[in-house]
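Trainee: I should be grateful for a close look at one part of this model, beginning with a single pair of residues and working outwards to its surroundings. Please explain each step as you go.

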Amino acid sequence: MTRFGELLRVLASGGVDFVVVGGVAAAAHGSPRSTQDLDIVYARQDENLRKIAATLAPYHPYLRGAPPKLPFRLDFETLRAGPNFTLVTDLGWLDLFGEISGAGGYDDLAAHSIAVDVFGIRCKVVALDDLILAKRATGRLRDLETVAELEILRERARRPFQ
Amino acid sequence: MSTRSLPRSSIDDIIDLYKRDVDVTLIDAALQRTVEERIRALEEFERFREELRDATERRRDAVR
């Protein structure tokens with residue numbers, strides 16, 4: 001089980017620059033749809049990569065679904081070598097994205113994001129419009145179902161963040 | 001950025017079809033909660049799903 005609140009707290013406490021996207025962001029906006037992982041888009045600057053590596057190291061990040069004992073280390077060099085990582089950690093499933101199709105990278109998303117105070121920390125959640133753009137861009141039918149829900153949500157939400 | 005600025009396409013027709021099946025009562029219930037409560041609800045559902053899966057597996061093993 002993914003401990004969403006604890007993962008958010010750990011990342012924020014480590015000073016990591018990130019924006020919550022995906023299912024948790026949809027839930028934060030008011031979607032009743034479930035998810036099993038925490039998806040974030042993170043800043044690709046070297047300093048942030050070092051923070052991610054140091055912050056997650058105690059929670060043993062490993063490639064989700066990979067055979068055990070591969071020589072994988074989520075260190076600065078590994079993060080620098082590629083933008084996207086699908087991880088399992090001691091706190092659950094965490095997906096790191098350098099950018100998302102249709103909506104962009106950290107700077108693009110952070111500019112429109114919504115700051116929310118949850119679990120004793122403040123974190124950025126992707127704007128509903130950007131989340132819809134990203135879901136549309138995948139071209140997957142199940143994501144279009146989510147878009148339908150998010151568009152209705154946008155119409156009904158007067159104050160999505162309380 | 002707004003999806004309203006995108007030109008309409010057949011994708012929008014599919015989305016409109018899906019909208020007919022969206023349960024707005026679930027959305028309205030979620031909107032009554034705080035953001036933290038919404039995220040906690042995800043965790044609670046995950047916990048329930050794991051418990052259910054474990055119980056099903058135990059039952060399946062007992063039947064074998």
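**From one pair of residues to the whole complex**

Mentor: In this predicted model, Y62(A) stands opposite V88(A), a residue of strand 4 of chain A. This pair belongs to the pairing of strand 3 of chain A with strand 4 (residues 85–89) of chain A: the two strands run antiparallel and are joined by two bridges.

These two strands are part of a larger arrangement. Seven strands of chain A form an open sheet with mixed pairing, in the order 3-4-5-2-1-9-8. Please follow that order from one end to the other. Strand 3 and strand 8 of chain A are the edge strands, since each pairs on one side only.

Let us now move to the other edge. Strand 8 (residues 114–118) of chain A pairs with strand 9 (residues 121–125) of chain A in the antiparallel sense, over five bridges. Here I114(A) stands opposite V125(A) of strand 9 of chain A. Strand 8 and strand 9 of chain A form a hairpin with two residues between the strands, and F119(A) takes a positive phi near 55° in this hairpin.

That backbone angle deserves a pause. Most residues other than glycine have a negative phi. Two further exceptions are found in the loops on either side of strand 3 of chain A, where we began. H60(A) is not a glycine, and its phi is positive, near 50°. H60(A) sits in the loop between helix 3 (46–56) and strand 3 (62–63) of chain A. With a relative accessible area of 53%, H60(A) is exposed. The loop between strand 3 and helix 4 (76–81) of chain A holds K69(A). K69(A) is not a glycine either, yet its phi is positive at about 70°. K69(A) is also exposed, with a relative accessible area of 82%.

Let us turn from exposed residues to buried ones. In soluble globular proteins, nonpolar side chains tend to be buried together. The largest nonpolar core in this model has 64 residues, and those that touch the most other members are L8(A), V20(A), L38(A), L74(A), L79(A) and L96(A). Helix 7 of chain A gives the largest share of this core, six residues. One core residue may serve as an example: leaving aside residues up to four places away in sequence, the residues that L38(A) touches include F4(A), L8(A), V20(A), V24(A) and W93(A).

We may now view chain A as a whole. Its secondary structure consists of seven helices and nine strands. The radius of gyration of chain A is 15 Å, close to the 15 Å that the globule rule gives for 162 residues, so chain A is as compact as a globular protein of that length. Its C-alpha trace spans about 45 × 35 × 30 Å along the principal axes. Of the 162 residues of chain A, 55% count as buried. Among the contacts in chain A between residues at least 6 apart in sequence, 62% join residues at least 24 apart.

Chain B is built on another plan. It has three helices and zero strands. The radius of gyration of chain B is 19 Å, well over the 11 Å that the globule rule gives for 64 residues, so chain B is more spread out than a compact globule. The C-alpha trace of chain B spans about 55 × 30 × 20 Å along its principal axes, and 22% of its 64 residues count as buried.

Where do the chains meet in this account? The buried residues of helix 2 (residues 24–31) of chain B are I27(B), A30(B) and L31(B). They cover an arc of only 100° around the axis, which puts them on the same side of helix 2 of chain B. An α-helix has 3.6 residues a turn, so residues three or four places apart point the same way. Among the elements covering these buried residues are helix 2 (22–29) and helix 7 (141–156) of chain A, together with helix 3 (35–63) of chain B. Helix 7 of chain A is thus familiar to you already, as the element that gives the nonpolar core its largest share.

Finally, consider the predictor's confidence. The complex has an ipTM of 0.86 and a pTM of 0.91. Chain B has a mean pLDDT of 88, with 92% of its residues at 70 or more. Among the elements of chain B, helix 1 (residues 10–19) has the highest mean pLDDT, 94, and helix 3 the lowest, 91. Where pLDDT is low, the predicted coordinates should not be read in detail.

Definitions and conventions:
Residues numbered from 1 in each chain as written. Chains lettered and ligands numbered in written order. Predicted model: local features only at pLDDT ≥ 70, side-chain atom pairs only at ≥ 80, totals over all residues. Heavy atoms only, no water. Buried < 20%, exposed > 50% of the residue type's maximum accessible area, 1.4 Å probe, protein only. Helix = DSSP H or I, 4+ residues; strand = E, 2+ residues; numbered from the N terminus. Arc of directions from axis to C-beta. Contact = heavy atoms within 4.5 Å. Core = buried A, V, L, I, M, F, W, Y, C linked by side-chain atoms within 4.5 Å. pLDDT = per-residue confidence, 0-100. Pairing = 2+ DSSP bridges. Rg over C-alpha atoms; globule rule 2.2 N^0.38 Å.
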